[in-house]
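Colleague: Before the bench work is planned, I should like to go through this model with you. Please show the sequence and the structure first.

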Amino acid sequence: MPHPSGKSSPPRMRRILRFLLGLLVLLPLSVCAQEAAPPAPSGHGSFTAAHAAKARTQTADHSKFKILKGPFKDGDGPAVTRACLTCHTKAAEQFMATSHWTWNVAKDGKDGYGKATALVNNYCLTIVGGNTEGCTRCHAGYGFKDKTFDFTRQENVDCLVCHDTTGDYEKERAGMPNPAIPLAEVAQKVGSPTLKNCGACHFFGGGANATKHGDLDDTILKAPRAEDVHMSRQGAGMDCIDCHASTEHKVGGPNYVIPADRREQPKFPGESISRMSCAACHTNAPHASYILNRHYLKVACQTCHIPAFARGERPTNTFWDWATSGRLKDGRPYEEKDANGWPTYTSMRGKMVWERNVKPTYIWYNGNLKFTRLTDPLPASRPVVLNPAEGSYRDPNAKIWPFKFHEATQPYDPVNNTFVAPFTDGPPGTGAYWGDWQMDIAIKKGMETAGLPYSGKYDYIRTTMLWPITHMVAPKEQVLKCTECHARKGRLAEVQGFYLIGRDRGFGVDFIGFAVIILTILGVGIHGVIRYLHGRH
Amino acid sequence: MRRIVLYERYERFWHWAQALLIITMMLTGFEIRGLLPQLFGFQRAVTVHNVLAVTLLTLIVFTIFWHVTTGEWRQYIPTRKFLREMVAFYLTGIFKGAPHPVKKHRMAKLNPLQRLAYLGFKVLIIPVQITTGALYYFYPNLQHSLAWSPSALWFIAVVHVLGAFGLVAFLFGHVYLTTTGHTPTTNIKAMIVGWEDLPDDEYFEET
């Protein structure tokens with residue numbers, strides 16, 4: 001009787017086998033080790049340090065300059081600018097070449113993609129129907145009242161709104177400084193723009209705090225790290241311009257052209273002024289897991305790292321119903337508010353919906369939003385998407401991006417098939433909508449001012465708009481779990497054009513699979529039962 | 001009675017390691033597909049599934065080496081000899097207590113049906129799973145560099161999943177058939193200890 005330990009392998013063979021067995025154990029271990037590669041350098045520390053060092057980088061103490069001591073007449077912004085230009089002789093010229101000044105952008109060889117020209121939005125609609133003076137409170141210039149504004153006059157540039165460090169500077173109608181502001185004091189303390197400077201306008205887009213973007217509002221100034229790991233003072237404490245790097249007064253990242261590095265190639269901030277990217281600081285392989293890193297081919301960092309927007313205390317506007325505006329009580333406009341004090345109806349704007357902690361809408365996006373101008377025919381889609389995102393799975397530049405999806409109704413000209421520019425902002429007797437409450441007159445006036453054709457007929461139409469979400473990046477503990485998307489009814493349930501594991505599970509395939517298993521079990525079960533009944537093995 | 005060695009130490013190690021790997025990959029795979037309640041969690045299931053895939057592949061490479069160097073691959077050469085008798089045995093004979101139609105030998109330990117089943121397992125199901133699994137894993141790279149169609153991934157996934165269902169069915173059939181030995185546990189015991197005590201009439205001498 002042979003020994004069970006076998007007789008066939010000669011000792012040498014067994015040694016080889018033993019060696020191979022050792023390898024067998026080691027190889028997978030080395031794969032494990034690869035999966036858990038050392039984490040990439042985080043870079044947080046360096047940015048905090050950079051921020052602390054910013055104060056030291058200024059080489060001039062502006063309080064030492066005689067010309068900035070003034071005195072300046074109350075509200076005389078241009079006088080301050082003239083003083084600035086005595087040293088910074090090219091500053092105004094540089095600034096005048098940027099969209100912060102022109103409020104107009106050319107795109108694909110076509111002009112008019114800007115507030116000052118023909119762009120239509122979902123909130124205050126347009127400014128060119130005679131509303132310029134109220135809206136140019138946010139123009140970085142002085143005296144932009146109407147289309148006669150002189151865009152070539154250097155003293156009209158407002159240096160202080162971006163370079164004020166006191167927090168006291170304030171602008172009024174047509175962008176003029178509030179006359180109560182001590183201009184000389186502000187002028188002597190100028191410095192690099194911080195969150196407050198950019199936020200003075202960009203937190204208040206859409207007419208009020210948090211209204212437009214959803215990922216930008218003034219709660220960021222005092223936010224805990226959980227609201228925005230980058231801009232929170234408890235987080236990296238970064239300023240806007242740390243990412244929106246600037247040169248020659250051109251600020252990186254204009255939304256109307258292309259907002260971000262489409263492929264997330266690592267570039268240090270400022271290397272590519274118009275295109276910033278997360279990868280610039282974080283590299284394009286910041287995770288320990290190869291599979292997570294590979295998501296960057298098709299998924300924007302923002303998609304997983306911004307689980308919701310409007311995570312501060314302020315809700316953002318998600319619906320604006322111009323069609324219901326203009327209702328009066330006893331001939332007077334009125335407001336209705338919800339329990340939290342947010343307006344649910346105003347005569348000026350109609351019904352409104354405000355939301356906090358909003359889950360983004362996810363859409364293929366290659367960085368190009370196709371905007372609509374007053375001069376364009378209405379897009380064919382219903383509801384009209386004012387700025388559809390370009391991109392698909394097959395587009396090598398496109399990724400799945402998070403968006404704030406904004407809905408509205410707004411007036412349009414059904415005969416000319418264009419949007420219209422109502423004159424909204426004016427006192428009673430001028431024909432302004434917010435004075436006389438007549439939309440047909442307001443549109444007629446507005447289109448006259450804008451110099452655009454109007455058929456005399458208007459109606460309301462549902463319009464939607466997409467706002468890319470990129471701020472309010474959450475701490476990594478709040479990042480989306482895999483199954484938020486890799487699930488049948490996950491966040492990407494509506495995103496088409498590709499097979500997504502965990503989501504796309506065909507009934508037919510599972511049916512066949514389970515049928516095969518069940519038939520096998522039935523087969524062997526019946527066989528076993530018969531064997532048992534026969535009392536044999 | 002005659003004690004014969006059927007499975008050497010490496011063969012037993014291979015068999016049970018492969019069983020463990022494949023069963024764990026079934027669990028993780030079906031969790032990833034969303035057909036099982038949470039066991040590992042999606043992310044860990046993916047990692048485990050991939051690490052085990054590489055482990056299994058490595059095991060298979062060594063096992064091919066073992067098959068070649070020991071000549072054990074000859075055990076899997078399909079034969080028609082006694083094939084009909086084997087089918088008849090499972091369909092009727094086994095219920096009547098008829099003797100097993102094929103006698104075992106050290107170098108002919110698999111009956112004709114086993115030969116067919118295991119050969120199919122080795123040259124069909126496993127290679128299909130490995131190929132589709134690798135294509136699945138590297139699909140993002142392939143899609144990106146070769147501009148593969150999105151439906152290619154769907155096709156890869158469907159084949160991989162059907163293969164997985166097939167493996168589950170195989171597992172049930174396989175485990176059941178182990179009970180058809182001399183006693184219900186004879187075969188499993190042999191796969192653990194390596195040898196089997198066979199009545200003299202179930203063994204044939206080398207000639």
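The questions below go from the single chains to the contact between them and then to individual residues.

Modeller: This is a predicted model, in which local features need pLDDT of at least 70 and side-chain atom pairs count only at pLDDT 80 or more, while totals for chains, interfaces and linings use all residues. Residues are numbered from 1 along each chain as its sequence is written, and chains are lettered from A and ligands numbered from 1 in the order in which they are written.

Colleague: Which pattern does chain B follow along the sequence?

Modeller: Helices (H or I, at least four residues) and strands (E, at least two) are DSSP runs, numbered from the N terminus. Chain B has six helices and two strands. Read along the sequence, the pattern of chain B is β-α-α-α-α-α-α-β.

Colleague: What percentage of the 537 residues of chain A count as buried?

Modeller: A residue is buried if 20 or more other C-beta atoms, placed from the backbone, lie within 10 Å of its own, exposed if 12 or fewer, and partly exposed in between. For chain B, with 207 residues, the buried part is 23%. Chain A, which has 16 helices and 13 strands, has a buried part of 36%.

Colleague: How many residues does the largest nonpolar core have?

Modeller: A nonpolar core is a set of buried Ala, Val, Leu, Ile, Met, Phe, Trp, Tyr and Cys residues joined through C-beta atoms within 7 Å. Among the residues with the most contacts inside the largest one are Ile363(A), Trp401(A) and Met447(A). Elements that each supply at least two of its residues include β9 (361-365), β11 (399-413) and α15 (439-450) of chain A. The number of residues in this core is 65.

Colleague: Which proline is in contact with Trp401(A), leaving aside neighbours within four places in sequence?

Modeller: Two residues are in contact if their C-beta atoms, placed from the backbone, lie within 7 Å. With neighbours within four places set aside, the contacts of Trp401(A) include Ala300(A), Gln302(A), Tyr362(A) and Ile363(A). The proline in that list is Pro468(A).

Colleague: Which element gives the largest share of the side of chain A that touches chain B?

Modeller: In the contact between the chains, 45 residues of chain A meet 46 residues of chain B. By class, the side of chain A has 26 nonpolar residues (Ala, Val, Leu, Ile, Met, Phe, Trp, Tyr, Cys and Pro), seven charged (Asp, Glu, Lys and Arg) and twelve polar (the others, Gly among them). At least two residues each come from α1 (11-35), α12 (290-294) and α16 (507-533) of chain A. The largest share, twelve residues, comes from α16(A).

Colleague: How is α16(A) oriented relative to α5(B)?

Modeller: Axes are lines fitted to C-alpha atoms, for helices over the stretch in contact, and angles run from 0 to 180 degrees between N-to-C directions. The axes of α16(A) and α5 (residues 150-177) of chain B come within 9 Å and cross at roughly 10°. Angles under 35 degrees count as roughly parallel, over 145 as roughly antiparallel, 65 to 115 as roughly perpendicular and the rest as oblique. The orientation of α16(A) to α5(B) is therefore roughly parallel.

Colleague: How many nonpolar residues are in the contact of α16(A) with α5(B)?

Modeller: Val509(A), Ile512(A) and Val516(A) are among the residues that α16(A) brings, and α5(B) brings residues including Phe165(B), Phe172(B) and Tyr176(B). The contact has five polar residues and no charged ones. Its nonpolar residues number 14.

Colleague: How is α1(B) oriented relative to α5(B)?

Modeller: Ile22(B), Met26(B), Gly29(B) and Arg33(B) of α1(B) meet Val161(B), Ala164(B), Leu167(B) and Val168(B) of α5(B). The axes of α1 (residues 9-33) of chain B and α5(B) come within 11 Å and cross at roughly 135°. The orientation of α1(B) to α5(B) is therefore oblique.

Colleague: Is Met472(A) buried or exposed?

Modeller: Met472(A) lies in the loop between β13 and α16 of chain A, and has a positive phi of about 60° although it is not a glycine. Because it has 29 C-beta neighbours inside 10 Å, Met472(A) counts as buried.

Colleague: Is Asn417(A) buried or exposed?

Modeller: Asn417(A) also has a positive phi, near 55°, and lies in the loop between β11 and β12 (418-419) of chain A. Because 11 other C-beta atoms lie within 10 Å, Asn417(A) is exposed.
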